[in-house]
Amino acid sequence: MKLLHIDSSILGENSVSRSLSKATVERLRSEIPDLEITYRDLVAEPLAHLTTRSIARLNAGMALDQAAQEDVALGDAVLEEFLAADIVVIGVALYNFSIASQLKAWIDRLAVAGKTFRYTEKGPEGLAGDKRVILTVARGGFYGAGSPFSAFEHAETYLRAVFGFFGVTAPEVIVAEGLNISAEQRTGSTNAALETIAALKAA
């Protein structure tokens with residue numbers, strides 16, 4: 001079984017989303033001894049945002065210079081990592097009400113017609129619904145259901161939408177929030193998320 005581990009927080013060792021994603025991978029490794037893990041740190045090795053050369057293959061007859069060839073090849077590699085994975089664990093930080101731009105750049109490399117979705121006469125159809133996706137989300141304030149600021153939350157909601165579009169309709173979401181309210185809140189929320197992670201099963 002293959003697991004793809006993605007981190008996107010810019011906070012390094014101070015990142016709660018990174019600590020939660022790491023704990024999730026370690027928990028699943030303990031449940032699945034032969035687990036094959038691929039790790040991609042989108043901050044340490046950021047992907048370029050989409051440009052004309054990124055989608056050069058869509059333009060018939062367009063000559064590809066070396067930079068374009070390398071960009072397309074990297075996009076292919078990122079997509080194949082995702083397609084090959086049975087489990088995808090993503091550390092998600094909420095920045096300015098949404099996901100990190102580094103994570104958006106990764107998502108853009110996955111949204112390829114014929115690979116993760118396709119258009120049909122009945123509308124779009126996801127092609128990656130056989131995957132287990134686990135999101136470990138860290139939020140500085142309170143944005144959950146019932147919060148006065150719930151409408152400002154565009155990280156978890158966006159990822160639910162885009163992975164749903166890919167066919168993953170029920171991602172597992174583990175949230176630690178209110179992290180910047182106080183030290184006590186940070187510790188309590190993080191520990192609660194870690195307890196949830198400790199109960200994760202292989203399937």
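I take contact to mean heavy atoms within 4.5 Å. The model I am reading is a predicted one.

**Entry 1: Ala105**

I began with Ala105 and located this residue in helix α3. Leaving out residues up to four places away in sequence, I found that Ala105 touches Leu47, Ala48 and His49. I then looked up Pro46, which lies 59 residues from Ala105 in sequence, and noted a C-alpha to C-alpha distance of 8.2 Å between the two. Is Ala105 buried or exposed? Its relative accessible area is 1%, and buried means under 20%, so I recorded Ala105 as buried.

**Entry 2: helices α2 and α3**

I next examined how α3, residues 101-110, meets α2, residues 66-84. Their axes come within 8 Å and cross at roughly 85°. Angles of 65 to 115 degrees count as roughly perpendicular, and I therefore describe α2 and α3 as roughly perpendicular to each other. On the α2 side, I listed Asp71, Gly75, Val78, Leu79 and Phe82 as making the contact. On the α3 side, I listed Trp106, Arg109 and Leu110. Sorted by class, this contact has five nonpolar, one polar and two charged residues.

**Entry 3: the nonpolar cores**

I turned to the largest nonpolar core and noted that it has 30 residues. Which residues have the most contacts inside this core? They are Phe82, Ile90, Val92, Leu103, Trp106, Leu159 and Phe163. I looked up the elements that give two or more residues to the core and found β1 (2-7), α2, β3 (87-93), α3, β6 (132-138) and α4 (156-165). The largest share, five residues, comes from α3.

I followed Phe163 further, setting aside its neighbours within four places in sequence. Phe163 is in contact with Phe82, Ile90, Trp106 and Ile107, and also with Val133, Leu135 and Val168. Phe82 and Trp106 had already appeared in my list for the contact of α2 with α3.

I also recorded a second core, separate from the largest, with 18 residues. Among them are Leu3, Leu20, Ala176 and Leu179.

**Entry 4: strands β4 and β5**

My last entry concerns β4, residues 117-120, and β5, residues 123-126. How many bridges join these two strands? I found four, and the strands run antiparallel. A hairpin of two residues connects β4 to β5. For Thr120, I noted Gly123 as the bridge partner in β5.

How values were computed: Residues numbered from 1 in each chain as written. Predicted model: local features only at pLDDT ≥ 70, side-chain atom pairs only at ≥ 80, totals over all residues. Heavy atoms only, no water. Pairing = 2+ DSSP bridges. Axes fitted to C-alpha atoms, helices over the stretch in contact; angles between N-to-C directions. Parallel < 35°, antiparallel > 145°, perpendicular 65-115°, else oblique. Nonpolar A, V, L, I, M, F, W, Y, C, P; charged D, E, K, R; others polar. Core = buried A, V, L, I, M, F, W, Y, C linked by side-chain atoms within 4.5 Å. Buried < 20%, exposed > 50% of the residue type's maximum accessible area, 1.4 Å probe, protein only.
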